[in-house]
Amino acid sequence: MNEFLQHLLNTLILGGTYALLGIGLTLIFGIMNVVNFTHGALYTVGAYVMYLAVTALGLNFFAALPTAILGGLLLGAVLDLALLRPLRGADMDTTMLVMIGAGIVLQSGTLWLFGGVAKSIPTPFPDAPLQLGPVSVSWLRLFVLGAALVLIGLTYWLINRTRLGLAMRATFQDHDTAALMGVNVRLIYTATFAIGSSLAAAAGALLGPVYVVFPQMGGMAELKAFAIVILGGLGNVTGAAIGGFILALAEELGAGYISSGYRDAMGFLIIIAVLIFKPTGLFAKAERIG
Amino acid sequence: MTRPSRTRQLPALALLAALAALPFALGHDPYLLNALITTGIVTIAAMSLNLLLGFTGQLSLGHIAFFGIGAYVSALTSLGFDVELFGGLRVVHEPWPPAVGFGLAVLATAACGYLVGRLSFRVRGAYFVIVTISFSEVVRLVALNWVELTQGPLALTGIPPLGLWLPGLGTTVLRTKLQNYYLVLAVGTLCYALIGRLVASRFGRAMRGLKENESLALSLGINATRTLTLAAVISAAMAGAAGSLYAHYLRIIDPDVFLFSTTVTMVIMVVGGGKGTLLGPVVGGLIFGLLPVALRPVMVPEAQWMVFGLVLIGIQFVMPRGIVPGLVRLVARRRPAAASSSPVPAEVRP
């Protein structure tokens, strides 16, 4: 029973970052109709910016996190302006291939710059875990959960309570009508891609200190993000948030009770099962974002 | 569209003759011969991917799964295994000849192709892409974790080379690089011819009809499920054959045969060469298969991969239909009269 409680606690902590990853990807898909194959690379970039900010720049751990998020935001905006804006109106396969190419460039670039040796990010938290009755949790992981929840909340506020969010929701429903109503749709696309990218970078910057940072870390994260997004239904933000926690639960239970070697297989099995039995996702009705 | 005429096959025949003579021109250089053999094997897989990606328009990004399954089935058939399944059921398999492994690899991957083909009818577009990636990753994780069967990361070693039985000559075991080169060339030519016949047939017209305008094709009585499934079965079986060749040539395989990057290489070969054309994947395969050989002296592998990524981006902007259609259009513009005798089966014209 105690073991099970520990798994639930781990689920909560992992799920928060998974939800961030999923929300970023589902926003980009829902509004722009782009399958973002650079999502994993942006996750990696977020982790490396965090690493550089803490080690090379000597920044405070808590100041490094916004730096990494800003890095993701800028890189996302550049990717959209350079690659996606000229290809607006092209079919989905074309943008998919371009994004795969961009993902390869980013990933190999990271490998080239930093080498393949995994790096760890120093944190200001005490090593001793916090004991909560029968379960224990490290202070770092607790901070990761808190930061993820704050970022999820911020994203919701942005989508539902700001003018930018209103324009994003309008573009999601019908980009032609939105354009007629005076929404600068091109700007909304750039903003969406930048925000989605910054969420991926945030997830990398948060999980980087928990595990280690290496150039290929984004590959698996990207596939997990796909699993989360499919679970929640493409374009469904709340679905992605819940999907993040469901995937984390499946991984924790799979690793705990079946075999730790198959932890990463859970996401793929979920994808295949959902697409066979309920292709619209568990929380259908993706008619509106938010 | 009628069956390709002799003159249309001229560029392909010229390429075949050049490839057959190539080892002599290179003076049997083992390093280059090795690069040519692995390039040839991946090119066969790229040709099979083209059948799905180019002719039916289904972007399958899990194609490496068929290649890897073919490699593992063939290797395990010829090495034998002894595993215990759930419930204490013990399965022992004595080694069989590699040629039987090759046949079983083709059959097993054809069965996998059937499953994926049925699935492709249920889920389309982005969903299909993601489900194919998931399929290949699950297979990779099984190969990595089912150590009793696959040796996991320790790799399957000592895979015997293929033997070829020829009437009057008996069985020859293909040990040398030169023998393997001609084996790959022969299998590649066979696959090329098979795809050529398929595409020019009624079935090929049905495939292209579905790609161009699905509702119109359906209204004309084309059976979409059957057509897409058959394309997936043939495509998977060819990729499986390529995987089997790979296993028996390298004689060692590990779960890295399932890496996503190999699928990306195949996609670059198909899209770069010209998807939906017969010669496209072959030209793309030779260019992008041998590009690392040319780049190796001047840059590190990471930088080579950056070049690959930039090429994939650049093609979409500069030559979205690929090299072969680009060249054909160039030739056609110079000789307007010859436009109809392109070596490329033109896409269905309105």
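Mentor: Before we look at this predicted model, keep in mind that two residues are in contact if their C-beta atoms, placed from the backbone, lie within 7 Å.

Trainee: With that cut-off, how many residues of chain B are in contact with chain A, and which element of chain B gives the most?

Mentor: On the side of chain A, 33 residues take part, and they are met by 32 residues of chain B. The elements of chain B that give two or more residues to this side are α5 (125–145), α11 (260–273) and α13 (301–318). By class, this side of chain B divides into 24 nonpolar, five polar and three charged residues. The element that gives the most, with 13 residues, is α5(B).

Trainee: How far apart are the end C-alpha atoms of helix α1 of chain A, and where does α1(A) bend?

Mentor: Helix α1 of chain A holds 31 residues, from 2 to 32, so at 1.5 Å a residue it should span 45 Å. Its end C-alpha atoms are 45 Å apart, which agrees with that expectation. Just after this helix, N33(A) takes a positive phi of about 60°. The bend in α1(A), of about 30°, is at G15(A).

Trainee: Are α9(A) and α10(A) roughly perpendicular or oblique to each other?

Mentor: The axes of α9 (residues 217–232) and α10 (residues 237–257) of chain A come within 7 Å and cross at roughly 120°, and α9(A) passes α10(A) in a right-handed crossing. Among the residues that meet are K224(A) and I228(A) in α9(A), and G239(A) and L247(A) in α10(A). Since angles of 65 to 115 degrees count as roughly perpendicular, the two helices are therefore oblique.

Notes:
Residues are numbered from 1 along each chain as its sequence is written. Chains are lettered from A and ligands numbered from 1 in the order in which they are written. This is a predicted model: local features need pLDDT of at least 70, side-chain atom pairs count only at pLDDT 80 or more; totals for chains, interfaces and linings use all residues. Helices (H or I, at least four residues) and strands (E, at least two) are DSSP runs, numbered from the N terminus. The expected span of a helix is 1.5 Å times one less than its number of residues. The bend at a residue is the angle between axes fitted to the seven residues ending there and the seven starting there. Ala, Val, Leu, Ile, Met, Phe, Trp, Tyr, Cys and Pro count as nonpolar, Asp, Glu, Lys and Arg as charged, and the others, Gly among them, as polar. Axes are lines fitted to C-alpha atoms, for helices over the stretch in contact, and angles run from 0 to 180 degrees between N-to-C directions. Angles under 35 degrees count as roughly parallel, over 145 as roughly antiparallel, 65 to 115 as roughly perpendicular and the rest as oblique. A crossing is left-handed if the near helix is turned anticlockwise from the far one by less than a right angle, and right-handed if clockwise.
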